[in-house]
Each structure stands twice: as C-alpha cells, then as structure tokens.
Amino acid sequence: MSNLWTWLGKPAASPGVSLEKDDFCAIRKEMDRQPKCRGCRRIEALIRYCDSHPAQESRSRPVCFHNSYHELDFCAARCSTCRLIRRGFLLNQATIAQLEELGARTLQVPVWATMETGRLQVSLQRAEESFFPLNKQVKLSLDLSDDVEVRALPTLVLDDRVCAEIQGWARDCENHPQCGNLNWSRKNPTRLIRILSDTYIQIVDARHIDFVQYAALSYCWGSSQIADTSTVKANIAKRERPFPITDLRKTIQDAIALVRRIGLHFIWVDSTCIIQDSKEDWENEAMLMAEVYSNAYFTLCSVLAEHADTALIRPRDAWAYPTELCNLASRRLSIVSLTLEELKQLAAYSTRAWTLQEERLSPRILYWTPQQMYWSCATRTATESSPSQRKRLTIGEAPDTTQAFLQASFEGINLHLYWKDIVEDYTKRSLTNTEDRFPALSGLAAKYQFGGNIYLAGLWQQTIAEDLAWRVEISVPQNRLEERARDIPSWSWASLPTCTPIKMSRNWQASGFFCFVESRSQMQDPAVVREIEREPPKDIALTNIRKGAQVTAITVSARMRPLLRPGYEKRSWSDIASRTGFDEKFSFESVVDRHIYCLEPSLSQVLVYESQRREVIYQLDYLMDDKQLSSRIGDLQCLELGAQCILLVEECEGEVSANGKGSYKRVGISISSIRPDFFNDAATKTCHLL
C-alpha cells in the first residue's frame with residue numbers, strides 16, 4: 001500500500017525540518033486555472049491521499065508546506081490558496097500585538113497542514129510543541145458544492161461601507177423589543193464627551209439635558225501613566241470648553257473618530273468623564289456604571305488594544321488581496337473562523353476585571369477586532385465577513401453569554417446560575433487597584449438584586465449556604481499570602497488574591513440544619529448611611545450594594561464537629577493513594593479499622609478516613625506544608641453547609657467577642673461526597689464567620 005510520502009513525491013518530513021523556499025513557492029497553474037504554489041500542491045496531495053485512505057483520515061500526519069508565515073505571506077501574492085490561509089491567520093489574531101508578532105520576520109516557525117475529521121487544519125508549529133494556541137492555527141472546510149459565500153471587506157475601518165453596516169445593525173436593534181427592555185433607565189450619565197468636529201470635543205454636564213444617544217467605550221487602560229490625559233480637578237473647567245481631541249490617548253481618539261463617522265455626537269469614556277483625582281467623584285460614578293453601560297446606544301469594546309496608547313484605525317490586512325473562490329482537490333475551501341467568544345479569550349480585554357461588567361451590562365455591543373467588526377445584542381449576532389451567520393432569535397433567547405445575564409435578570413429565570421458564571425469569570429481577572437474588587441462588580445450586583453435579597457460581600461443572603469461553597473481551582477501559594485484582602489471576610493471569594501480562579505457549587509443539595517442568622521459590619525461608612533437616607537427609591541439598589549460590600553461577618557447556625565477526634569493517626573498520602581493516568585484511587589485495606597488523616601502538600605488537600613467509613617477530602621484555600629498543617633489541624637472544625645458540602649473552619653480569638661468563643665475563619669471546603677451520617681452525632685451551634 002502506498003504511504004503519504006509517496007503521494008507527496010517527497011521524503012518524509014517532521015516538525016522542525018524545513019525545505020528551501022524555492023521548493024515551496026514555485027507557482028504553477030492547474031487545469032482549474034487556479035495558480036498554486038508547490039507547497040499548496042502538497043496540501044492537495046494530502047487531501048487526495050486522505051480521500052483514498054478514509055480509515056487513516058481521522059488525523060493525518062502533518063505535512064510542511066511553508067517554512068514560515070513570512071514565506072506564506074510572500075507566496076500569497078500569487079497563490080490563491082496561500083492567500084486564503086493568510087487571511088485565516090490574520091482573522092484569528094485578536095490584538096494588534098498578536099498581529100505584529102505574526103508578521104515579525106523573527107517568527108521563523110514552519111507552517112504545517114493536517115487533515116482532521118474532514119477538515120483541513122493549518123498551524124504554525126515548532127518541533128517540540130504538542131499544543132499551540134488558537135491564533136496559531138487555521139481551520140478550513142472542504143466542500144463539494146459551489147455554494148460557498150465569499151465576501152470582500154474594505155481595508156479601512158472608517159470606510160463608508162463599514163460605517164453603513166454598523167448603522168444598519170444599530171437601527172435594526174432599535175426595533176427589537178427585548179433589547180430595549182434591557183436598558184436600566186432613560187438617564188444620561190453625569191458627564192458626556194460632546195464630539196464637535198474631527199478635531200475638537202468638550203465635556204458636558206448631561207444631567208440637565210434630554211436623554212441622548214451615546215456610545216460607551218470599554219477598553220484596557222494598560223500599565224502606562226494616564227495622568228497627562230485623564231480628567232482631573234485641575235483641567236475639568238478647561239475641558240468643559242472645546243479642547244483638542246489629541247489631548248486624549250490614541251485609543252480614545254480613534255474610538256471617537258469611529259463614533260462620529262457612525263453618526264453619534266456623544267461618547268462616554270471613564271478616564272475623561274470621571275474626575276480621576278477626586279475620591280468622591282470616582283466613588284459616585286463607580287456606583288453608576290450599571291446605568292452608564294445599560295443605557296448606552298451601544299458599547300464599543302476595543303478588543304484589539306492591550307493598552308490605551310494603541311492606534312485602532314489601521315489597515316485591515318486580511319482584505320488586502322481580492323477575495324476569490326479557492327479550490328483544492330476538487331473541493332471548495334473556506335475559512336472556519338473563530339467564534340467571537342474564542343477571539344475574545346485570546347485578548348487582554350478578557351483578562352481585565354472592569355471589562356466584565358462593562359460588557360455584561362450592555363444590551364448592545366460593537367466589538368472592534370483587528371480585521372472586522374462584530375455586533376451582539378439580545379436578538380442577533382452579526383459580523384462583517386459572514387452575513388450568513390446572522391441569526392434572528394425569538395424572544396427569551398440569547399445568542400451567547402454576553403446578554404444572557406441581562407435577559408435572565410429581566411425574565412427572572414436562572415439568575416443565580418448566571419451570577420455563579422460571572423463570579424467564576426471575575427475571579428480569573430486582574431485589577432490594577434485591588435481596592436476595586438467590589439466596585440468593579442457593583443453594577444452587576446445591583447442588576448442581580450431582586451425580591452429583597454441582601455448583598456453580603458460578593459454573596460447573597462437568600463442563597464448564602466450555596467454561595468459559601470466555592471472552592472479554589474488551585475490552592476493559593478505561600479508567596480501570595482500578602483495579596484489577600486484583609487478587610488474582606490475569609491468566607492468571601494473576594495478575599496483571595498486577584499487572578500485566583502474559583503469554582504462555584506453546582507447541583508446544590510440544601511441541609512435542613514443550616515440557618516442564616518444575621519450579618520454585621522465592623523465599620524459602617526457614615527457617608528453610606530447618609531446616602532441611603534437621601535437616595536430616591538429607584539436607585540436604592542445601588543446604595544444597598546455599596547452597603548453590602550462592607551459586611552465583615554455573618555452569624556449562622558449549623559451542625560459542627562471537629563475535623564479530627566482523639567486517636568487519629570497521621571499517614572503519608574502515598575500509603576493509601578495510587579494513580580492510573582488522571583484517576584486517583586484510594587485503598588484503606590492496611591488501615592481499615594483505624595482513624596487516619598493525610599496531606600497532599602502539592603495540592604494542599606487533606607484526606608480524613610474514619611474506621612470503616614468513606615473518606616472525606618478537603619481542598620485548602622491556601623497551600624500549607626506538613627509542618628504548618630500539623631500545628632493547626634487540631635483546631636479545624638467541620639461546618640455543615642449542605643447535604644453534600646462541608647465548610648472547613650478554624651477557631652480564632654478576640655475578633656468579635658472578648659473571648660473569641662464561637663468565632664471562625666474559613667480554611668477550605670470539602671471536594672468529595674459526604675456520608676449521610678457524617679454529622680449524626682454533631683451538635684447544632686451558632687457561630688460567627690469572619
């Protein structure tokens with residue numbers, strides 16, 4: 001039987017072995033009159049080989065067809081297949097920085113093709129790599145029919161056709177009842193930027209003018225200093241008169257230029273519309289974020305910029321060559337583009353904590369990526385390059401997770417489930433100022449609040465037991481202990497260092513023995529009390545969220561018992577654990593009639609086994625070595641949260657009452673199933689969680 005390399009007419013190659021440029025870039029016109037380079041003829045041979053050997057097609061061996069992306073880019077000027085693959089790579093770059101990395105001559109990584117489950121996959125891959133990110137690969141479908149839609153886009157983002165497309169999306173959304181239902185109110189932000197011309201703008205007090213259509217910008221500030229371009233006490237009066245747009249950072253300048261071309265005259269930008277060196281103004285405006293983004297005509301999300309000095313208006317090189325049909329091996333090739341969610345996950349935009357609520361609170365969003373625009377509202381999604389992907393949905397459906405939270409809030413369906421998703425996403429993200437942990441989530445919390453539910457430092461009173469059952473994906477290492485938020489209670493996930501991913505509880509089973517008693521704040525901000533007294537009822541939710549962020553302790557009633565009782569023996573984890581692949585099994589045959597406990601130090605997990613009873617495994621929030629755990633394990637208590645969940649707590653002294661009796665701090669959570677009789681002999685206690 002012939003092998004793949006016979007079909008290719010070349011000796012076998014492997015990742016890391018390259019051929020000369022002339023071997024790949026020689027162009028020849030085939031019978032279909034389509035010019036193909038020698039490299040793409042190797043891909044054609046790969047497709048024909050897999051057609052003839054279907055049993056081997058699930059994933060073929062990789063075939064090198066260009067020595068680098070730079071060589072592919074050079075060949076695209078004459079080879080239509082290379083042109084299509086080049087476009088696929090460019091479309092998969094989420095940021096300007098990724099584009100620059102892709103085009104760098106120093107990136108000499110071979111380009112490989114494989115066939116996988118009926119699709120052609122092209123990747124930039126070094127010899128030692130077994131995994132490569134989404135922006136280093138392109139997937140192409142192979143169609144037998146000619147019914148493949150091809151659309152050419154303008155290379156300039158301010159082209160009349162691009163602006164008309166965006167205007168069409170926005171006007172169409174004005175006729176979507178469910179999208180209008182997701183607005184917060186019909187109030188302007190405190191301040192807006194009025195766009196006077198291509199070169200001049202001014203800040204206006206928008207509280208006393210009729211409601212206007214405005215865009216809200218969501219972007220990454222970056223690490224560079226912003227003092228020279230932000231609005232501060234010293235320049236606010238000057239900026240209330242016309243001033244040059246060039247006084248702002250480049251990302252903001254370009255966002256204003258696009259908004260003006262679309263036909264809007266107002267835009268909201270945080271660094272310009274909030275007085276950055278005024279604590280009072282910042283706190284007041286931070287609490288209004290839900291209104292700002294929910295009331296915007298649309299939110300402009302700058303996905304492509306990693307910092308605010310990035311120019312957004314630049315050529316869209318994916319469309320530099322004419323768009324044409326492309327054939328290989330009697331198949332029509334078309335790019336299988338990354339989804340918007342996949343593209344966002346590649347961008348720094350999705351790592352910033354503030355952008356989560358800016359995006360999730362927006363009923364209408366325009367995403368600016370390097371090669372095209374995307375639109376998302378509660379009724380439809382759209383992208384410039386694939387109009388066939390547009391989908392009009394029925395009332396109550398959401399195209400993706402972006403507007404799903406807003407719709408759940410409006411419908412009152414599965415809202416707590418979406419809150420859990422938000423918290424899991426939020427804990428992965430970074431904050432420049434760690435004091436913003438609660439402000440950066442306050443708009444979403446205000447939108448979530450309903451039916452008298454009380455906010456408790458990132459958790460909710462009506463679901464407090466379930467909300468307490470979060471766990472860290474990986475225990476926080478010792479070198480990050482100082483990053484803890486010491487003013488936030490240990491039972492709140494917000495007390496963890498930023499960028500600490502957690503998992504919320506799923507499939508919750510309540511316990512009839514757990515009861516919430518009360519919450520308390522050790523230091524109540526007098527300004528909050530005064531604000532509650534004067535706040536009109538329609539805005540009371542925002543103030544209540546601010547008040548809830550100051551909660552430092554809760555009192556609960558639940559069954560409790562010690563983690564260890566007298567006579568427990570310490571054993572090594574390896575004595576009872578064995579691993580087969582990813583599965584870990586435990587055998588207690590040698591200790592079946594004993595009480596033991598073990599520590600897995602690398603994962604900071606504790607296993608407790610009681611004679612002839614199923615073991616319980618606990619995940620500690622912070623890494624502890626053997627010495628640390630041994631000194632503290634005798635003080636640890638098990639508190640019953642749910643039928644299948646135990647909160648691991650440690651008794652502390654002098655934090656609430658003079659003698660510290662009944663005061664505990666969180667240490668960890670159970671991650672294995674619990675025996676129904678685990679708390680049978682345990683007393684119900686009232687305790688303070690700090």
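**Exercise 1. Determine whether Glu424 is buried or exposed in this predicted model, and state what its salt bridge with Arg506 ties together.**

Solution.

Step 1. The relative accessible area of Glu424 is 11%. Buried means under 20%, so Glu424 is classed as buried.

Step 2. The partner is Arg506, and the closest N and O atoms of the pair are 3.0 Å apart. A salt bridge requires a separation within 4 Å, and the pair forms one.

Step 3. Arg506 has a relative accessibility of 33% and counts as partly exposed.

Step 4. Glu424 belongs to helix H17, whereas Arg506 sits in the loop between strand E21 (502-503) and strand E22 (515-520); the salt bridge therefore ties together parts that are 82 residues apart in sequence.

**Exercise 2. Describe how helix H15 and helix H17 are arranged, and identify the residues that make the contact.**

Solution.

Step 1. Helix H15 spans residues 353-360 and helix H17 spans residues 415-426. Their axes come within 10 Å and cross at roughly 150°.

Step 2. Angles over 145 degrees count as roughly antiparallel, so H15 is roughly antiparallel to H17.

Step 3. On the H15 side, Ala353, Leu356 and Arg360 make the contact; on the H17 side, Ile422, Asp425 and Tyr426 do so.

**Exercise 3. Establish which residues of helix H16 are buried, and which helices they pack against.**

Solution.

Step 1. Helix H16 covers residues 404-411, and its buried residues are Ala404, Phe405, Leu406, Gln407 and Ala408.

Step 2. These buried residues pack against helix H8 (177-180), H15, H17 and helix H18 (442-448).

Step 3. After H16 comes Gly412, with a positive phi near 70°.

**Exercise 4. Arg364 is buried yet has no salt bridge; specify the polar partners of its side chain.**

Solution.

Step 1. Arg364 is located in strand E15 (residues 364-368).

Step 2. Side chains of opposite charge can pair when their charged atoms come close. For Arg364, the nearest side chain of opposite charge is that of Glu174, 8.1 Å away. The cut-off for a salt bridge is 4 Å, and Arg364 has none.

Step 3. The side chain of Arg364 instead has a polar contact of 2.9 Å with the side chain of Asn183. The Arg364 side chain also reaches the backbone oxygen of Tyr297 at 2.7 Å.

**Exercise 5. Characterise the salt bridges Glu569–Arg594 and Arg579–Glu584 by distance and accessibility.**

Solution.

Step 1. In the pair Glu569 and Arg594, the closest N and O atoms are 3.6 Å apart. This pair links distant parts of the chain: Glu569 is in strand E24 (residues 569-572), and Arg594, 25 residues apart from it, is in the loop between strand E26 (583-586) and strand E27 (596-600).

Step 2. Glu569 is partly exposed at 29% relative accessible area, and Arg594 is likewise partly exposed at 34%.

Step 3. For Arg579 and Glu584, the closest N and O atoms are 3.4 Å apart. Arg579 is partly exposed at 49%, as is Glu584 at 26%.

**Exercise 6. Place these details in the context of the protein chain: how many helices, strands and salt bridges are there?**

Solution.

Step 1. The protein chain contains 23 helices and 33 strands.

Step 2. Of its 690 residues, 55% are buried.

Step 3. Among contacts between residues at least 6 apart in sequence, 71% join residues at least 24 apart.

Step 4. The structure holds 41 salt bridges. Arg561, Glu610, Arg613, Arg675 and Asp677 are linked in a salt-bridge network.

How values were computed: Residues are numbered from 1 along each chain as its sequence is written. This is a predicted model: local features need pLDDT of at least 70, side-chain atom pairs count only at pLDDT 80 or more; totals for chains, interfaces and linings use all residues. Side-chain values use heavy atoms; hydrogens and water are left out. Helices (H or I, at least four residues) and strands (E, at least two) are DSSP runs, numbered from the N terminus. Buried means under 20% relative accessible area, exposed over 50%, partly exposed in between (1.4 Å probe, protein chains only). Lys and Arg count as positive and Asp and Glu as negative; His and the chain ends are not counted. A polar contact is a pair of N or O atoms within 3.5 Å; within protein, one must be able to donate a hydrogen and the other to accept it, and residues adjacent in sequence count only if both atoms are side-chain atoms. Axes are lines fitted to C-alpha atoms, for helices over the stretch in contact, and angles run from 0 to 180 degrees between N-to-C directions. Angles under 35 degrees count as roughly parallel, over 145 as roughly antiparallel, 65 to 115 as roughly perpendicular and the rest as oblique. Contact means heavy atoms within 4.5 Å.
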